[in-house]
Every structure is written in structure tokens, then in C-alpha cells.
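Student: Hey, can we go through this one together? Put it up and I'll ask as we go.

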There are 2 protein chains.
Amino acid sequence: MADQAVLEPTGGSRAGNRALSVMDQIREAVLNGSVAAGERLNEVRLSRALAVSRTPVRAALQALAGEGLLDYAPNRGFTVREFPLDAIVDAYEIRASLEGVAARFAAERGLSPDEKATIERSLRAGDRLLERGSFETGDLTIYRDINGDFHDTLLAAARNRMLAEMIRICHHVPVSSSRNIVAFEHRDVRRRHDDHHRIYEAIIAREPWRAEMLMREHVSSVKASLVKSMTERSRDNDADATSAGRLLVK
Amino acid sequence: MADQAVLEPTGGSRAGNRALSVMDQIREAVLNGSVAAGERLNEVRLSRALAVSRTPVRAALQALAGEGLLDYAPNRGFTVREFPLDAIVDAYEIRASLEGVAARFAAERGLSPDEKATIERSLRAGDRLLERGSFETGDLTIYRDINGDFHDTLLAAARNRMLAEMIRICHHVPVSSSRNIVAFEHRDVRRRHDDHHRIYEAIIAREPWRAEMLMREHVSSVKASLVKSMTERSRDNDADATSAGRLLVK
DNA sequence: TCAATGAAAATTACATACACTTTAGCCGCT
DNA sequence: AGCGGCTAAAGTGTATGTAATTTTCATTGA
């Protein structure tokens, strides 16, 4: 199997801790599909490929198992967890529920001046980007960042670590990762940006339950788009039902 | 610090894997408060106390950090995570939301014959226990198991692993652990058991959103009882506000 | 008295050797 | 040929030694 050539001893970004650096590299490899789902991760092979000993590799694998990205079985080591299409769709549903709670908490607890500023900036940036009726090259990537700022800031305002970690796990489900753009039309993005405005209004107005409901619907609509784009792709490919999943997990 | 005498080399229950056994022991010690929140967990001391080498101890600590029970900082090791009162109350809110989704999934997906049987059994058992107007010694413990069966079975019926793991994490927040009985009155238990009946009805009737709403309210009401009993205790103790938290975390 | 400083001690990070378990393949048997 | 058990290879689990980092604390200078 050619020593899993996708993983190279790049030295890693996080200085001073090989385990964390190794963790990032393995996560990256799993998320972008370089190692297949269900595949067994061999410690000695990984340590050779990354040019470190087995110790930090084991640490990284255990941490990734904690994130839910790997499975562990005693005396058998770690395998890449399978994420069937159902599980991926469900993850959006769970995330919708959790981010709804986050929005509620934010509305109850209020935003700091900094947080308000960040959110208002992201709203204005989105407005500007959407003024034109269509996207140019790279605009979607830009909007992805704007979107990320909005959600991250609200999550911070919820002031609850457990919630933040759970939502982060939802984001790390292979296909729902932000790097896999879930192709959207301009109209969809505009609608979602409008959602952002309304959610922010609800939070500023200190209307927790309305904020929750709006956020839930907001995230759920992403799920709907995902499902829609999947069924379309699978029809275009006039292939069997499984191909939709394969396309997306890739 | 007397070698953390609470932890003894009991051999552990899980055969064939010291790391898992060590993990159970440390978790237990953290959950029952033998090691204080914020305390630093020393590898060599733990390994001496448990009569194993540092390797399985490190593995256990890493895994527990993944569960969210410990914090990790590079070059500083692991500390017991702090759970302020706010976080504990929030955990109920999060759990309510997640179990709500679980109930919805169960209603959408339907219950297996086995699951139906288990739930109906738990409902009948609860009915019998509550026929008398008051509890005798040990009844509360029995009801705790009945309650556990109901929730566990519904969670299994949701058929989603991520959801199950997240809810499990909520349960493992120190004070919300089932071992800390949140003293309830007979009337409260009766009301909650009625909730169970209604939730089951909604699921059988395939009414997902009603099931979700009922489950959410059901779990939220536990939070309400918790907060109520806390404020009462803190009043009874005519101590300052912090004592309420201390009592419960203990 | 207090802060800065600089070893020494304590502690974690990593590497590696060895023990134990699982896996795979081979051989003999039916 | 097919099945069961044996053996070697591969792989994971544990122990321990060494390197690097943090923490402690006594010392020094203002």
C-alpha cells in the first residue's frame, strides 16, 4: 500500500507538540478522503510516513477517536469511522438543534460590543457581496468566510464550551465540512443572508425563542439544499442511488 | 498529597486492556468528586497509585479529555475540567434539545418490536410503582432504572450514533450524573412518568414534532426541578449563594 | 520588601524495546 | 475439496529510558 503516501513529514504547523501536529495531518487526510472510510490506520506505517515514533501517533489517534472521527477496538487499533449518507444528513439536523440553542443562549446572555461589531461587519460584508445579482469567481469562498464569522461569533456569545465542542464535531463530519462546498445558487445564499439579519435582530431584541427557531430553520435549510443537490446529481448521473453518496463523500 | 489514596489498584473490571480499566477508575474518581475540579492529574503519581506504567495512564487521560471530562494543555498535562453551576444547568438544556431530536428520529424511524416491548414494560413498571401514593425505601432507585430504560431505548431507536454519544456526554457532566439523585417528590415523578406515556403515544402515532416537543419539555422540567431544589437548599443553609453549587457538585 | 533571575527539581513529550494478541497462511486430517 | 488447528508474521499494548519543558524556590540586586 505504498506507505500511505498522502501523509508526508511536513514538520507540521503546531510547534512544540508533535502529537497535535500529527493529529492535524491525520484529520486532514481523513477529511479530504485520502484514507478511505472503514480503513484501518496502522500505527507503525503512520509513524514511518510522518517520521515520528508511535507514541505521538497513538496520542493523535486517540484524540481523533474522541472527536468521533475514528473508531477504536481493543487490540485492533483505529479505523476511519463510516459516515453513511443518513448520518451526514442527520448531522445537519443535530447541528440545527444545537445552533438553535446557541442562538437562544446568545439572546439571553447578550452580545459584547466586540461581538456586535463583528456580526454587523459580517452582515454588511454580505450585503455588499450580494448587491450584484450574481457571483463572480471566488465570491462563494469569500461568502463562506463571512458566514463562518457570523456563526462563530454567535457561538462564542452563547458562552458554553460543551455546546461549542458539539457543534464543532457536527462541522467535522466528513462531507459537511466547510471545505466541501455544497454548491449553492445565488438565490439560496441571498435567502440565508437574510436569515442572518433576522437572527441578529431577534438576538438584539432579546427574543431567545424566536432566535432559536430562526437559527434552527436557517441550518435546516442547508440540509434541504444538500439533499436537493444530491438527488439532482444522482439523477444527472443516471446511476444507482449510492452514487449520490459517493459523489459527496469524495 | 498522599499518592491520591482514593485510587487503588483494584485490577479493574475490563480484562485485557489496562488503559480502559484505568480510564474507568479515573472517571469514577472524577465523577464522585474524589479528585477536585481544576486539579492537575499527575501521570507518575496516578501510575503508582494504580500500579501500572505511565503509558496506559496517558492513554486513559487522553480518552477522558476526548469525553470532555478533562482539559489538556501541551506540556502541562491534564486537569479536571471545571463545571460551574451555569454549565451544569446548560447541560440539561442541551440534553433536552438533543433528546428531543432523538424522540423525533424515533418517531420518524419507528420502533422495533423489541424496543416497543421494553418501553411498554418500563411504562407498566412505573405505573405499578406509582400506584401507591408515596415512595418506600429504595423505590426511587428502582424508578431511576425504569427511567433509564425508557430513555436508553428511545435513544437506541433514534439510530444515530453521534446523537447517542452527545447525549451520553451530557449525562456524564458531574452533577447531572444519575448517581447524584436530584431529590424529587412523588408528585414530580408521577408527572414525569405521565410524560413518558405521552411521548410514547406520540412516537407510536408517528408524530415526530409532537414527540420532540414533549421530550424537550420533559427533560427541561428536570432542569427546573434541579434549579428549584438548589435554591431551596441554599435558602435552608442560610449560606451564601455559592454553597448551592458546592452541595450539588459534591 | 519585592521583583528578577537562574539553577535544580518535577513533570510532560517522545522514542524504543519487549510482551501479548490478532491475523494469515500453511499443513495435515477427514 | 473442505475443515480445524498450528505457526509465523504483523500489529497493538505496556514498560521504561531519555530529552525537553515547566515549575519551584532560593538567591541576588534594587
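Tutor: What follows is a quick tour by question and answer. This is a predicted model: local features need pLDDT of at least 70, side-chain atom pairs count only at pLDDT 80 or more, and totals for chains, interfaces and linings use all residues. Residues are numbered from 1 along each chain as its sequence is written, chains are lettered from A and ligands numbered from 1 in the order written, and side-chain values use heavy atoms, with hydrogens and water left out.

Student: OK. How many helices and strands does chain A have?

Tutor: Chain A has ten helices and three strands. Helices (H or I, at least four residues) and strands (E, at least two) are DSSP runs, numbered from the N terminus. The order from the N terminus is α-β-α-α-β-β-α-α-α-α-α-α-α.

Student: And how much of chain A is buried?

Tutor: Of its 250 residues, 50% are buried. Buried means under 20% relative accessible area, exposed means over 50%, and partly exposed is in between (1.4 Å probe, protein chains only).

Student: How does chain A relate to chain B?

Tutor: Rotate by 180 degrees, with 0.0 Å of shift along the axis, and chain A superposes on chain B with an RMSD of 0.1 Å. That is the relation of a two-fold axis. In chain A, the C-alpha nearest the axis belongs to A:Gly66, 2.1 Å from it. The fit is by least squares on the C-alpha atoms of residues with pLDDT of at least 70 in both copies.

Student: Now the DNA. Which residues are closest to DNA strand C?

Tutor: The closest are A:Arg18, A:Ser53, A:Thr55, B:Tyr72 and B:Asn75, out of 21 residues that surround DNA strand C. Near means that a heavy atom of the residue lies within 4 Å of the strand. Sugar and phosphate make up 73% of the atoms of DNA strand C that come within 4 Å of the protein.

Student: What touches a phosphate oxygen of strand C?

Tutor: Take polar contacts, pairs of N or O atoms within 3.5 Å; within protein, one must be able to donate a hydrogen and the other to accept it, and residues adjacent in sequence count only if both atoms are side-chain atoms. A backbone N or O atom of A:Ser53 is 2.7 Å from a phosphate oxygen of DNA strand C. A polar side-chain atom of A:Arg76 is 3.2 Å from a phosphate oxygen of that strand.

Student: Which element gives the most to the surface near strand C?

Tutor: That is α3(A), with three residues. By class, the residues of this surface are six nonpolar, seven polar and eight charged. Ala, Val, Leu, Ile, Met, Phe, Trp, Tyr, Cys and Pro count as nonpolar, Asp, Glu, Lys and Arg as charged, and the others, Gly among them, as polar.

Student: What about strand D, how many residues surround it?

Tutor: 23 residues surround DNA strand D, and A:Arg58, A:Tyr72, B:Arg18, B:Ser53 and B:Thr55 are the closest. Sugar and phosphate account for 71% of its atoms within 4 Å of the protein. The largest share of the surface near DNA strand D, three residues, comes from α3(B). That surface has seven nonpolar, seven polar and nine charged residues.

Student: Where do the chain A side chains meet strand D?

Tutor: A side-chain N or O atom of A:Asn42 is 3.0 Å from a phosphate oxygen of DNA strand D. For A:Tyr72, a side-chain N or O atom is 2.6 Å from a phosphate oxygen of DNA strand D.

Student: Tyr72 again. Is A:Tyr72 buried or partly exposed?

Tutor: A:Tyr72 is partly exposed, at 36% relative accessible area. A:Phe78 is buried, at 2%.

Student: How many aromatic pairs are there?

Tutor: Two over all chains. A:Tyr72 and A:Phe78 form a tilted pair, 4.9 Å centre to centre and 40 degrees between the planes. Rings of Phe, Tyr and Trp (its six-membered ring) pair if their centres lie within 6.5 Å; planes under 30 degrees apart are stacked, over 60 edge-to-face, and the rest tilted.

Student: Why is the pair of B:Tyr72 and B:Phe78 tilted?

Tutor: Their planes are at 40 degrees, with the centres 4.9 Å apart, so the pair is tilted. B:Tyr72 is partly exposed at 37%, and B:Phe78 is buried at 3%.

Student: Last one: what lies over the face of A:Phe105?

Tutor: A:Arg109, at 4.1 Å from the ring centre. In chain B, B:Arg109 lies over the face of B:Phe105 at 4.2 Å. The rule: NZ of Lys or CZ of Arg within 6 Å of the ring centre and within 35 degrees of the ring normal.
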